[in-house]
Amino acid sequence: MKIVVCVKQVPDSAAKMTVENGQVSWGEAPLVINPWDEYAVEAALVQKEAHGGDVIAVSLGGESAKEALKHALAMGCSEAVLISDPALAGADSQAVAKALAAAIRKIGDVDLVTFGRQAIDGDMGVTAAQTARILGWPALTLVSRISQLDSSSRTIQVERSVEDGRQVVQGKLPAVISVVKDFGEPRYPSFMGIRKASRANIPTWGLGDLGLAAPVSVVSWPKVENPPAREIKTEIIAGSSAQEIAEQLADKLLAEKVL
Ligand SMILES: Cc1cc2nc3c(=O)[nH]c(=O)nc-3n(C[C@H](O)[C@H](O)[C@H](O)COP(=O)(O)OP(=O)(O)OC[C@H]3O[C@@H](n4cnc5c(N)ncnc54)[C@H](O)[C@@H]3O)c2cc1C
């Protein structure tokens, strides 16, 4: 089995987003592997353990995105590739999907591609489906379990987590899946894995290496605003007993129509 996992580097989830001159900024927040993508790495590694083969982590981003790839290597991926090109700055999800699909084709003989359900910065949740469409492969989204993967009949069966329950969905390999939290806790990078990842040589592929011209983004985001600041009043309720304080609190909640 040859499995590709797509991982994005994003600002830490605790980072506060601000908008400066119409530009989104997460300040000096540390950059981490997109938390949802750790589940995608886990799903890929479980399949590698069951069927043998390799897991190749792919990220599109700047040089710093190699750290997200090293995290995936430390978890157990066999190889990693960075897609980076100045012409990809500000790329929309379709342009990103085109570059990811070209890298998957260049890797060659790929059976399965795993994605996270969404990136916590862009929150589009569409890149897996768009990449599958460009490749012409089935897209099985929001996967909580891979119940069957048969490399001889070239089929995959998964369970999808949806609001009203679970669905069993089947498709042909090669396929693209996006993985949700219900899949199970992703493993921690091992000490040996971290050492191996720190020494890894990660190749960088530009658009020329992928045989792509500069992709034209069809979506732009000219205006982004922070939500209006909320006015918060704090009041400490004093009283001689817990009951008196609780009664005052209940009165105030009733007056504010909270209860
Ligand atoms: C403020 C703002 C608004 C935006 N609005 C739009 C918009 O309306 N339409 C639009 O097309 N684009 C938009 N973008 C761009 C979009 O965020 C990027 O194109 C992005 O790479 C894809 O969307 P996402 O990050 O939300 O990924 P999602 O689709 O949420 O990501 C799903 C999965 O795809 C994989 N993935 C995503 N990006 C990468 C990557 N770079 N490398 C490897 N794997 C990856 C990961 O597995 C991830 O879990 C916007 C960006 C910003 C900053």
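Start by selecting Val113 and Val176: in this predicted model, Val176 in β12 is the bridge partner of Val113. Now show both strands in full, and you will see β8 and β12 running parallel, paired over five bridges.

Next, look to another partner of β8. Add β1, which pairs with β8 in the parallel sense over three bridges. Here, pick out Val5, which stands opposite Thr114 in β8.

Stay with β8 and colour residues 112-116 by burial. Five of the five are buried, so the strand is largely enclosed by the rest of the structure. Turn the view to check each face: Leu112, Thr114 and Gly116 lie on one side, Val113 and Phe115 on the other, and all are buried. In a regular strand, side chains alternate between the two faces of the sheet.

Now select Ile177. Beyond its neighbours within four places in sequence, Ile177 is in contact with Leu112, Val113, Thr114, Phe115, Leu140, Val143, Ile146 and Ile156. Ile177 is also among the residues with the most contacts inside the largest nonpolar core, which has 37 residues. Elements that each supply at least two residues of this core include β1 (2-6), α1 (35-51), α2 (66-75) and β12 (175-179). Apart from it lies another core, of 28 residues, among them Val81, Ala95, Ala99 and Ala102.

For the last stop, show α1 and α2. Their axes come within 10 Å and cross at roughly 35°, and the crossing is right-handed. Display side chains where they meet: Glu38, Val41, Glu42 and Leu45 from α1, with His71, Ala72 and Met75 from α2. By class, that contact has four nonpolar, one polar and two charged residues.

Conventions: Residues are numbered from 1 along each chain as its sequence is written. This is a predicted model: local features need pLDDT of at least 70, side-chain atom pairs count only at pLDDT 80 or more; totals for chains, interfaces and linings use all residues. Side-chain values use heavy atoms; hydrogens and water are left out. A nonpolar core is a set of buried Ala, Val, Leu, Ile, Met, Phe, Trp, Tyr and Cys residues joined through side-chain atoms within 4.5 Å. Buried means under 20% relative accessible area, exposed over 50%, partly exposed in between (1.4 Å probe, protein chains only). Helices (H or I, at least four residues) and strands (E, at least two) are DSSP runs, numbered from the N terminus. Contact means heavy atoms within 4.5 Å. Axes are lines fitted to C-alpha atoms, for helices over the stretch in contact, and angles run from 0 to 180 degrees between N-to-C directions. A crossing is left-handed if the near helix is turned anticlockwise from the far one by less than a right angle, and right-handed if clockwise. Ala, Val, Leu, Ile, Met, Phe, Trp, Tyr, Cys and Pro count as nonpolar, Asp, Glu, Lys and Arg as charged, and the others, Gly among them, as polar. Two strands pair if DSSP finds at least two bridges between them.
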